[in-house]
Structures are given as C-alpha cells and as structure tokens.
Amino acid sequence: MNRRRRERERWTIVVVFAVGMAWVEAAAVYYLRLMTDRIVPYQQQPLPFETVLGRVELVREGATLLMLLTLGMLAARAWRKRLAYSLIAFGVWDIFYYVFLRVISHWPTSPFDWDILFLLPLPWWGPVFAPVCIALLMILWGTVATQYEDAVPAKALARALWGASAIGVALALYVFMADALRSLPLGLDATRSVLPTSFNWAGFCAAVALIAAPLVHAAWRLTTRALADRSPADQG
C-alpha cells in the first residue's frame, strides 16, 4: 500500500508540474504569435523564419522536450516508468496547452482548427483534435504503466503489441508531416510555407488503433484479474 501511495503521489506531482508548464508554454506561444500577427496559425506564410524568432522557437521546442524527458527521469528509477512518467507529462502538458491557449487568446475556436503541432524536424500540421487524442493515450498508458505495472508484462504478445504501437507512432508522424515531406524537394522555405488542405483521417485512425494496442491489452489484463479476484467472494 505504501508503494502504491508513493506512486500516486509521484503521478500527482508530475501532472501538477505539466499543468503549470502548459500555462508557461501557452503564454510563450501567445507572445510569439501576437508579435508576428499569427494568433490563428493557418494563414499564408505561417512560419516567419526570416526573423530571429524562428530560430528561438526551434530551440524552445527542443528545450520543452528536454524538460519533459528530464521530469520522467526524476520521477522514477526504472526505464519503463521513466518513459511512462514522461508520456504522462507530455500528454497533460499538450492538452492543457490548448486549454490555456483558448483562455488566453480565444483560439482554437474548434477542435478541428488547424495548428502547427511541432517544427522538428519538419513542420507538423493537423487539427487540434488529433494531438489531443494521442495525448490522452499517452496519459492512459503512462498511468497504467506506473500505477498497475504488472498489467504490462514483457511477454511475447506484449512485445508484439509494442511493435504494432511503434508502427502506429511512425504512421501518425507521417500523417502529421505528409504535406511538409511532399514539399521537401522544393526546399525548406517551401516546407515552412505549405498549408495543408485536408487531413488523412483514415491513416490517423489506423495509427491511433495501433498505438492503443498495448493499452487495450493492459486494460484486458486488469479487467480479467479484477473479475478473477472477485469470483471467490461471489462464490462465498
């Protein structure tokens, strides 16, 4: 019980940190977009890289990832839990980033508004709803891995499901960067100015299904174990 309580405390601390970090991130992005008249990112020349702000933004995004990974490293000792806590932090940060950006700037106006999700290594584009879905999966898997670690055993089936999940991650990255990749032969300036006109929802849904495979397996194991633990009492 003490170990379970400590894990809950760690989970809470990581979530609180990520929420606070989300406000800082939203405020920084608001300042940058306000200075460049791009509160709504979906417009001509969405990335003003001709100024120093473009380079600052690239470094800021790298620093954000470093902070989230470092938080996971501090929260646990085992590599799996470190990754899990980093994913929890990333998911909470991403969701509350959009919540706070909405509070600060009244954008996004809809879950389907286009946003530049990330800039490294190329610009990622997608409706706000898409990264939020993946962020929820990150939080759920991270919670299962840290609070119910015996639900994610390193067995053959689990390893196969993680392989499928890795394919799903690669597919999601392709969906987000597809327009930038297609414009890459025209040069980096073209990738920074491209505006997508449609989102590959079929590819994204397939990616989400693959990413969620280990989580579904863990949920099935937890449900099966709960039913098995309850059966003796029911029989009595």
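**Exercise 1.** Place Trp201 and Phe199 on the scale from buried to exposed.

*Solution.* Trp201 has a relative accessible area of 31%, so it is partly exposed. The cut-offs: buried is under 20%, exposed is over 50%, and partly exposed is in between, using a 1.4 Å probe and protein chains only. Phe199, at 12%, is buried.

A quick note before going on: this is a predicted model, where local features need pLDDT of at least 70, side-chain atom pairs count only at pLDDT 80 or more, and totals for chains, interfaces and linings use all residues. Residues are numbered from 1 along each chain as its sequence is written, and side-chain values use heavy atoms, with hydrogens and water left out.

**Exercise 2.** Work out what kind of aromatic pair Trp23 and Phe100 make, and what the pair ties together.

*Solution.* Start with the search of the whole structure, which turns up 20 aromatic pairs. Rings of Phe, Tyr and Trp (its six-membered ring) pair if their centres lie within 6.5 Å; planes under 30 degrees apart are stacked, over 60 edge-to-face, the rest tilted. For Trp23 and Phe100, the centres are 5.2 Å apart and the planes sit at 70 degrees, so call it edge-to-face. Next, Trp23 is in helix H1 and Phe100 in helix H3, so the pair links parts 77 residues apart in sequence; helices here are DSSP runs (H or I, at least four residues), numbered from the N terminus. Finally, Trp23 is partly exposed at 41%, while Phe100 is buried at 15%.

**Exercise 3.** Classify the pair of Phe199 and Trp201, then find their cluster.

*Solution.* Their rings are 4.7 Å centre to centre with 75 degrees between the planes: edge-to-face. Both belong to one aromatic cluster, whose members include Tyr42, Phe118 and Trp124.

Technical notes
Helix = DSSP H or I, 4+ residues; strand = E, 2+ residues; numbered from the N terminus.
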